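Reader: I would like a close look at one part of this model, with the cut-offs behind each term. Please keep to the helices and what packs around them.

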Amino acid sequence: MPSTLSTAIIAALATGTLAREDVFPVTKPDFRYQEFSKLDRVQQKAATDQLDYTAITWNALGLADVERKGWDYLTTDQQIGATQVGFTKESWDCFIDHYSSAYWAELVANNKASQYMRLGWSQQSWEGEGAHPTTEGKWWDQLSEDEKKAANSLCYFKKNWNSEDMNPNDSYFPFKFPEFRYQPWNELSLSMQNTAIGMMNYTEDLWNDLGTHVAEKNTFLNLDSVTREGAMELGFYTHNWDCFINHYQAYYWSSFHSDLLVAVETLGWSEASWTNDMQSPPLSESKYWADLSPEEKAAATRLCYFEETWDTNEYPTLEDFDISTAVTPDGPLPQDINLNIYETTGYAGRSPGMVAAGQYIYNTNASYRTVVSSTVLGVVALAGAFLFA
């Protein structure tokens, strides 16, 4: 019987996914797709001092305010900073702004309108007079081959199209664990309390009763700008807010893809039950954590639940909250969580086939955990160069 990795290679060859290469009109600024900690000191200083990046907004692609500006809309100081980081006008406008700051007439003049039209845009929708195209709600792997080629022409590829998270993660949760959110109000610093009150409209009661604040019922990008800025000051960003705070409850069913879709379906949800105002929840919703199967626990973990946040008919109160069972960054994956359900999809950015054994080991050469499969260790050196690039 072929190994999991062999099967993955055969399937990839059959679908052409191994052979496909991204082709861009400008040289890709590879440094932009490295963790902030891997930048040199000159790059870090320019990024923070002149472009107002933080480590979190650098590592969460597309999050920083400055990335919503074309080169010509940057201040002189910002252009100098961008140059010091390593950008040119051409690489910034293509890989960072994707020409989104341009008027439609400018897109036409620069041969970019046709690429956006292949992605479903029209002059009317670009100018806000029509609905956004369906491609705006798709993950990279849901795009057609022609749509991917059009996106490549606008300097999109899988990593930046999906706004992948490069923030270090030392847990078996899919994203960085926001431990501060599970601290009682009286244990927060004064500055954090002021941010939570002044920018996010928290009160002590709303903070201590998880899930009761109206903001927590929304996705990160749908928060108003002041609330979102406050959330970022506390340490939230798109991925850890949507997962740990909202648990993707505000997502449309069509937004579920890959390991997220595996997770919600493993818990028993279907498109009908999810979209029917959640009036017909699956049986898993009535189970305590201890009664969930190992597969259901893996699904709930992908949605950033853990025992304390799952086991409640009412919202948990932080005064009696014990986060010691929430995450064990120095220990192995609990035996009763079976990540094998993500074997073919990957898990929060980790490659398909790398979760087969469901065993977490600590990688001493990185600041995050990796999932290692006993079925791939023997051949990863051979295949890794082209399969897991």
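Author: What follows takes one helix pair, then a neighbouring topic, a covered helix. This is a predicted model, in which local features need pLDDT of at least 70 and side-chain atom pairs count only at pLDDT 80 or more, while totals for chains, interfaces and linings use all residues. Residues are numbered from 1 along each chain as its sequence is written, and side-chain values use heavy atoms, with hydrogens and water left out.

Helix α2 (residues 41-49) packs with helix α4 (residues 76-85) at an angle of about 155°, their axes 8 Å apart. Helices here are DSSP runs (H or I, at least four residues), numbered from the N terminus. Axes are lines fitted to C-alpha atoms over the stretch in contact, and angles run from 0 to 180 degrees between N-to-C directions. The two helices are therefore roughly antiparallel, a label for angles over 145 degrees. On the α2 side, the contact (heavy atoms within 4.5 Å) is made by Val42, Gln43, Ala46 and Ala47; α4 contributes Gly81, Gln84 and Val85.

Helix α5 (residues 89-96) is mostly covered, with six of its eight residues buried, where buried means under 20% relative accessible area with a 1.4 Å probe, protein chains only. The buried residues are Ser91, Trp92, Asp93, Cys94, Phe95 and Ile96. Their cover includes α4, along with α9 (145-153) and α10 (158-161). Thus α4 appears in both settings: it packs with α2 and helps cover α5. After α5 comes His98, with a positive phi near 55°.

Terms used
Angles under 35 degrees count as roughly parallel, over 145 as roughly antiparallel, 65 to 115 as roughly perpendicular and the rest as oblique. Buried means under 20% relative accessible area, exposed over 50%, partly exposed in between (1.4 Å probe, protein chains only).
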